[in-house]
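This report describes the domains, salt bridges and surface patches of the structure shown below.

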Amino acid sequence: MRGATWVLFKKELREFLRDKRAVFFTLVMPVLAMPLAFGGILYGTWWAKQSLAHEVLPASVANRSMVDVLQGQLQHTPLEVKAREEALEHITQKKLWAFVEAEGHFEESDMQHSVKLRLYYSRQQERSKEVKERLHKALEALNQERLEKRFEKMELSKAFAKPMVIEEVDVTQQSPWLEMLAVLIGFCIVNTLFMSSANLATDLVTGEKERGTLETLLSAPLKPKQVLRAKQAIISASALFSAFLNLAVFIGLFLVATWVLPEKEWGLELQHLHFQWGQLAFLCVCFVPAAFLASSICIALASVARTLKASQTTTSLAALASLMASLVVVFPGMELSWPLAWMPLVNLALLAKACVFGNVEYGPAALTLAVTVLLAVVFQKTSTRIFLDERNVFGAPPKA
Amino acid sequence: MNKTADPQHAVVEAVGLTKHFGAEVAVEGVSFRLYAGEVLGILGANGSGKTTLLRMLSGLMRPTAGQTLIEGMDVLEPSLKARRQVGFLTGNTRLYEKLSPRDILHIFGELYGLSGLALSNRINSLAEEMHLHAFLDKRCGQLSSGMRQRVSVARALVADPSLYVLDEPTATLDPMASHDIVQLVQKAKARGRAVVFSTHRMEEIEYLCDRVLFLRKGRMATQGTLEALKQQSGKLRLIDLFLHFAQGEL
């Protein structure tokens, strides 16, 4: 980048850095808001579950014998006897959270019959669902206990009831938190590229047209292509910076979490992070053409728009499309493969996910890079043609 | 320095300039020559093609047919040598709100090929001439419209080009600021610069222009000195002259 393009790049950078609002929304918001919001949601969910698990929540049963049998197996769930109609009314009024009744004798009378239990709760209430789980667990334990007693009476071993005991062993020792991190990075990083590009392209292309400074600039002895190159360089650089910062913040949050949060409760361990520096470097390389692709698409859309409002709408569509593509990483079983490596943006999101797991396959990864470079070149040419179109630079000619 | 037009030195030669936007004709076959030290007024009703013509003259817009020669070079030639001879200013020209007048003059000076000490000296002398010193390092967003227009003028003059293209430069200005622009054109003319000037203010045309060119629906209706056109049309008042040449059928 030499001569006029370099002068224009410096000008764009100076303007950008002096616009505090633009810096805040283009860099800080997408970079910090997403990780902090997701981090907050995760911690909030964990904290709410912990609180709910220790909250005293009353339930009721149909007769006294059920209280005698079940109460010993339940924690934080006092039982009382109530008639069904009254109990159901109390569940609706949130005075009570669940109710159990039995068809037949609940007491263990003989070995020939089963007793049918009905557990009433409200799916709309989290507390009711929690008490249902507690009661279900206690009843399952009771069921197992009675089954074992029956075997004992018949002089059979306990193993008779369980011919097979299944134990699962995850050889990767993968933490569910790492899966969450991979999904979040895959989902957010591509989206960050487009959000940042959309914001800046709107301001630097449509905003400059609307403010009347584009004609000022083009009146100088330079080629419109040089104006475009400078704008594209600053948009791509800022998008790339946002994406890398996004990646760094997510990894940083994970590292801080492994250090700060209790390992037993959270299951977070540093060894769960399988990053390989080579794979991480390859991901960063892939994001360079991806940033050019995002900036080209957003510049093309912003060039066509006549007003800032129209530009915000059209570039938001690009950001939305990137969001839809990134959403693929959330679906279970979606991994970077040869067919998916052909799909733009989806491939980048999946590559980022694979990078967190440290299991990048180099064939599909190389194809991802090739597809991204190819699209970046195609869209670069398209955006140049659209940006340089005089109807887009000067607007429609006035009618005489 | 020249006080009158130098017929030996054609700064601008417009040859059959034509611009079509699809089926719509914005400008059709406009040709003229402009000499050093001469001011040419471009007159016409709204939508007659003045702005499009001036954009083609200054190389901002590519003509559908025809060409503009500045000092004998095509204004669109890739080396941009011809474009460096043009200073373009419109009444709608805006400034970068986050940059200071010094930043803007520096950037445009660099784009015109100036650098280092020569550029700094040029900025200082322009600031002196245009009375910019009091707000040279303030952001343009904090300046009044008069101050901004002075900065815009300085921006167009930063490389002291041989052709000034001024598209309604006084349209949005108060009488004092307009007076400054008129003085600027007078000074440029005295320095032997060629000026193409478009305006709706008849007194400016009468005061400044050596020749006027009337555009009607994108076509040149006529051109000549004001005296010759008054004789040709039999209209003595400039407004009548405008109505005669800028309206009606060709």
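## Domains, salt bridges and surface patches

Chain A is divided into domain 1, covering residues 3–38 + 175–394, and domain 2, covering residues 57–160. The centres of these two domains of chain A, taken over C-alpha atoms, are separated by 54 Å. The model is predicted, and local features are reported for residues with pLDDT of at least 70.

### Salt bridges

Over all chains, a search of the whole structure finds 32 salt bridges. Three of the pairs, including their N to O distances, are set out in the table.

| Pair | Distance, N to O | Separation in sequence |
|---|---|---|
| A:Glu208 and A:Lys11 | 3.6 Å | 197 residues |
| A:Arg127 and A:Glu55 | 2.8 Å | 72 residues |
| B:Arg102 and B:Asp137 | 2.7 Å | 35 residues |

The side chains of A:Glu208 and A:Lys11 meet in a salt bridge. This pair links distant parts of the chain, with A:Glu208 in helix H6 (residues 176–211) of chain A and A:Lys11 in helix H1 (residues 3–18) of chain A. A:Glu208 counts as buried because its relative accessibility is 2%, under the 20% limit. A:Lys11 has a relative accessibility of 1% and therefore also counts as buried. Salt bridges that share partners join A:Lys11 and A:Glu208 with A:Glu12, A:Glu15 and A:Lys231 into one network.

A second salt bridge is formed by the side chains of A:Arg127 and A:Glu55. Here, too, distant parts of the chain are linked: A:Arg127 belongs to helix H5 (residues 126–153) of chain A, while A:Glu55 is in the loop between helix H2 (20–53) and strand E1 (59–61) of chain A. A:Arg127 is partly exposed, with a relative accessible area of 35%, and A:Glu55 counts as partly exposed at 26% relative accessibility.

In chain B, B:Arg102 forms a salt bridge with B:Asp137. B:Arg102 lies in helix H2 (residues 101–111) of chain B, and B:Asp137 in the loop between helix H3 (116–130) and helix H4 (145–157) of chain B. B:Arg102 counts as partly exposed at 31% relative accessibility. B:Asp137 has a relative accessible area of 54% and is therefore exposed, the limit being over 50%.

### Surface patches

A nonpolar patch on the surface is formed by A:Phe24, A:Phe25, A:Val28, A:Met29, A:Leu32, A:Leu36 and A:Leu253, which together have about 560 Å² of accessible area. H2(A) gives the most to this patch, with six residues. One member of the patch, A:Met29, has its place in helix H2 of chain A, and A:Met29 counts as partly exposed at 35% relative accessibility.

A positive surface patch consists of A:Lys223, A:Lys225, A:Arg229 and A:Lys381. Of these residues, A:Arg229 lies in helix H8 (residues 224–260) of chain A. A:Arg229 is partly exposed, its relative accessible area being 46%.

### A buried arginine in chain B

B:Arg55 is found in helix H1 (residues 50–57) of chain B. At 13% relative accessibility, B:Arg55 falls under the 20% limit and so counts as buried. B:Arg55 and B:Phe88 are 33 residues apart in sequence, and their C-alpha atoms are 8.7 Å apart in space.

Notes:
Residues are numbered from 1 along each chain as its sequence is written. Chains are lettered from A and ligands numbered from 1 in the order in which they are written. This is a predicted model: local features need pLDDT of at least 70, side-chain atom pairs count only at pLDDT 80 or more; totals for chains, interfaces and linings use all residues. Side-chain values use heavy atoms; hydrogens and water are left out. Patches are made of residues with over 30% relative accessible area and no salt bridge: like charges are joined within 9 Å, nonpolar side chains (Val, Leu, Ile, Met, Phe, Trp, Tyr) within 5 Å. Accessible areas come from the Shrake-Rupley method with a 1.4 Å probe; for residues, only the protein chains shown count as cover. A salt bridge is a side-chain nitrogen of Lys or Arg within 4 Å of a carboxyl oxygen of Asp or Glu. Lys and Arg count as positive and Asp and Glu as negative; His and the chain ends are not counted. The place of a charge is taken as NZ of Lys, CZ of Arg, CG of Asp or CD of Glu. Helices (H or I, at least four residues) and strands (E, at least two) are DSSP runs, numbered from the N terminus. Buried means under 20% relative accessible area, exposed over 50%, partly exposed in between (1.4 Å probe, protein chains only). Domain bounds come from an automatic or database domain assignment.
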